[in-house]
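Welcome, and thanks for opening your viewer for this tour. Please load the model, keep the selection tool at hand, and follow the stops below in order.

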Amino acid sequence: MFWLSIAHASLTDTLSDDPPSSDTPSTQLTPEEIAEKRLRIIIEKKSAINLIEAFAISLKHYLRGEESIYYHDLYHLVKHLPVYALPAGRPLEEPVNGQQQPFIDNQTLERIQSRREAKVTFQSSRRRGSTDCMALDGSSGLHRSATRDSHASGGSHPHAPRSSATGHPLSPIIQEEEPSSSNDLEKGNGASGNTLEPPTLSARGNDARIRDANVELRPGWNPPPYAVFDVFPFSLCVRRMARRGQFKGKQAARLKAREGIVNHNIPLELMLYLSSYVATLRHRKWLDVPSANTLFTGVNTLLDSLTGLERILTTPVPFSYACHLWTVTTIFVTLLPFQLWITLKYLTIPATGIFAFIFYGFIVAGEEIENPFGYDKNDLDLDHFTDHIIRPELNALTSRPTPDIAVWAFDKENTHLFFGHGKGEMGVAPDTWMKRGQGATKQRTPPDVVRGLRDSISKLDAGPPGGDTRRRAGEDVSKNLGYIKTMLYGEAGSDPLPELVAQLAQETYQSDLLLHLVTNIAKFDFEARKDVSQIFSNLLRRQIGSRWPTVEYLCSKHDIMFATLKGYENEEVALNTGMILRDMLRHEPLAKILLYSDQFYSFPHYIEDTTFGISCDAFTNFKETLTRHKPMVATYLDANYDRFFTTYTTLILSSNYVTKRQSLKLLGEILLDRANFNVMTRYIANEANMKLVMNLLRDRSRNIQFEAFHVFKVFVANPKKPPQIETILRRNKDKLLGFLKDFHNDKEDEQFNDEKQFLIAQIQLL
């Protein structure tokens, strides 16, 4: 969570940090001076952004207990900064006589301020911790870049190295004599005789060291090597060794980070520089108050994240809890063999070892959770945050100048402008709108759009085919349909306005626009036809309380539904009108109008005599009409039984395999529906229907046989079979039994097999 806050604050500060390219140019400045001033501003901004990246990287090292700036991912970002002596999250030295020791005494501070060219050298890997010296203010502080290749004198201050018996290994040595050459640097020809003995560094599997001039930089990913003190029981000595200033192994590294044994807080120091940069921008009056507050909020977020991460790092598991857990586990493991011996005998030894490994593993895993900032596999991958999230994003944001709205807003590809220009105004660039004037950008009202759409539709037949008049009329139709669609569905990312939708719907009803759309849809282009389908779908879903205004309107305008059904006669628009018809049939009043009309019996023609795609769509709507509103359909079928099933039989006897199979399947659904009980009784009492289904049982297609079986079972399962039906079954009893015993025996459908056995039993009882 804190690292996500750091990444968010980094991006916020980078995006908000946008000072002007220069102050208002003075007439007294020459062009060279103005150019130099602008360049200084750019350098200031990029340096501040580098500090944001340096904050994340230094925080990573700080949480791991890795001291100084001498890492290849951090050194080049901050080496130029004066050093502030800011304390770490926990004090380094113990109080003496009840008073906290000063971080740097006055004598050392005077030497630092008087000797700006003083140099700093590292202690050996066995005694070295921090690698930089600290000053107390930026104006007279010692620059890190000036401390990278020198020795230091043995001046004493509270953090100067002491003897190996009592000293602390974390402080630099300030010497007053400089090495005479680069060889002296490596050999340590200083007055005090101290040598620059670089530590053993590891970088993801390989020992590596990166050299910058005379500075040896550690790799950014530098896990401590395993040592003997990482193994129990030697690990019990880690804290004692740490008190003597010796840190070896992973356990010691974790202890060092948790105890805050570091010289100073580099992330906190960088916060001072970032705050000073924001304050400078405010002082120069380059930022207004909201922008300055945004930047300060980002800096505060970084500071809060630092504080929170320090709290996580330095908050241990309570001693009483850890002690109690270890004690209980030890007693349990000690007494466990006495409980297991009776059952396991000599297997008690390995069993006890396994249980001890399991329970002590839980305790050790809990201890590792105390510090999630190390290099173990279960620790947070801090390098991923810094190297693959924060750094690439900052580099991407600073790789190009801040976008100029005068450039990208007036790009010729910016064609989605103003209200609803996603369709008809495709390709209209900002320059074109500028030439048209402000009146052209005015948002159109629903009456204007509906009126314009009707006028455009009337012009689709004007002029010769392919002429400019028809082409412009087609473009206007697409444009106005785009307006209507935007009003109904809303702009991208925003909901439609209810008042606008209501006004548009009312205009649509009053102008009979829906009828014009359906009857002329074949004249529209492909995208416009899709828009018509979506407009119908939206209007049909519109509900006010318990009322459906569009459904009520269509109930009074039967021609719209019949024109939609007639769309199956045009192959180009059949699927579009079929989709509109399907939306209408979801409403019972509209489905009833179609079902009770003569146009309903045109479905078999559209199913039989059209292309495969249109046939499937027509059958889908035919099935939708007969199965969605079951009580209403049952009443209709009971009243119009002869006409319906006479027409339906033509579909069952169709030469088209798909039509025949789907019709048989639909017939089974209709007969088995509880609402159609009277219809089923009449159908299974008909001798001709019985013969038809028995013939279909012997069809060459196994799938048609299977669908016919589900209709045939209704005839056999009828407990009150008419005499003529029972006579046919009794006359064909032996043939039916032999047929059913071998009927689809390879099917692994338990329900089908049960039904087949039931039919065999019923026929045997005849």
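**First stop: two cysteines**

Remember throughout that you are looking at a predicted model. Begin by selecting Cys-323. Its relative accessibility is 37%, so Cys-323 counts as partly exposed. Now jump to Cys-555, which is also partly exposed because its relative accessible area is 23%. While you have cysteines on screen, how many disulfides does the structure hold? The answer is zero.

**Step back: the whole chain**

Zoom out and colour by secondary structure. You should find 34 helices and six strands in the chain. Of its 766 residues, 46% count as buried. Contacts tell you how the chain folds back on itself: among those between residues at least 6 apart in sequence, 71% join residues at least 24 apart. Switch on the surface next. The chain exposes about 40,500 Å², and carbon and sulfur atoms supply 55% of that area.

**A nonpolar patch on the surface**

Keep the surface on and select Ile-354, Phe-355, Phe-357, Ile-358 and Phe-362. Together these residues make a nonpolar surface patch of about 550 Å². For a closer view, click on Phe-355, which belongs to helix α11, residues 348-368. Is Phe-355 buried or partly exposed? With 35% relative accessibility, Phe-355 counts as partly exposed.

**Aromatic pairs**

Hide the surface and show the aromatic side chains as sticks. Across the whole structure, a search finds 25 aromatic pairs. One of them is formed by Phe-619 and Phe-622, a tilted pair with 6.1 Å from centre to centre and 55° between the planes. Both residues sit in helix α25 (residues 612-627), and because they are three residues apart there, about one helical turn separates them. Phe-619 and Phe-622 are both buried.

Now select Phe-645 and Tyr-683. Their rings also form a tilted aromatic pair, with centres 5.2 Å apart and planes at 45°. This pair links distant parts of the chain: Phe-645 lies in helix α27 (residues 641-652) and Tyr-683 in helix α29 (residues 677-684), 38 residues apart. Why does Phe-645 count as buried? Its relative accessible area is 6%, and the cut-off for buried is under 20%. Tyr-683 is buried as well, with a relative accessible area of 2%.

**Two loops with a positive phi**

For the last stops, turn to the backbone. Select Asp-512, in the loop between α17 (498-510) and α18 (513-519). What is notable about its phi? Asp-512 has a positive phi of about 55°, although it is not a glycine. With 25% relative accessibility, Asp-512 counts as partly exposed.

Then move along to His-744, in the loop between α33 (733-741) and α34 (750-764). Here phi is near 50°, again a positive value in a residue other than glycine. Is His-744 buried or exposed? His-744 is buried, with a relative accessible area of 4%.

To finish, select Asp-512 and His-744 together and look at both loops: Asp-512 is partly exposed, whereas His-744 is buried.

Technical notes
Residues numbered from 1 in each chain as written. Predicted model: local features only at pLDDT ≥ 70, side-chain atom pairs only at ≥ 80, totals over all residues. Heavy atoms only, no water. Helix = DSSP H or I, 4+ residues; strand = E, 2+ residues; numbered from the N terminus. Buried < 20%, exposed > 50% of the residue type's maximum accessible area, 1.4 Å probe, protein only. Contact = heavy atoms within 4.5 Å. Areas by Shrake-Rupley, 256 points an atom, 1.4 Å probe, with all protein chains shown as cover. Disulfide = S-S within 2.5 Å. Patch = residues over 30% accessible without salt bridge, like charges linked within 9 Å, V, L, I, M, F, W, Y side chains within 5 Å. Salt bridge = Lys/Arg side-chain N within 4 Å of Asp/Glu carboxyl O. Phe/Tyr/Trp six-rings, centres within 6.5 Å; stacked < 30°, edge-to-face > 60°.
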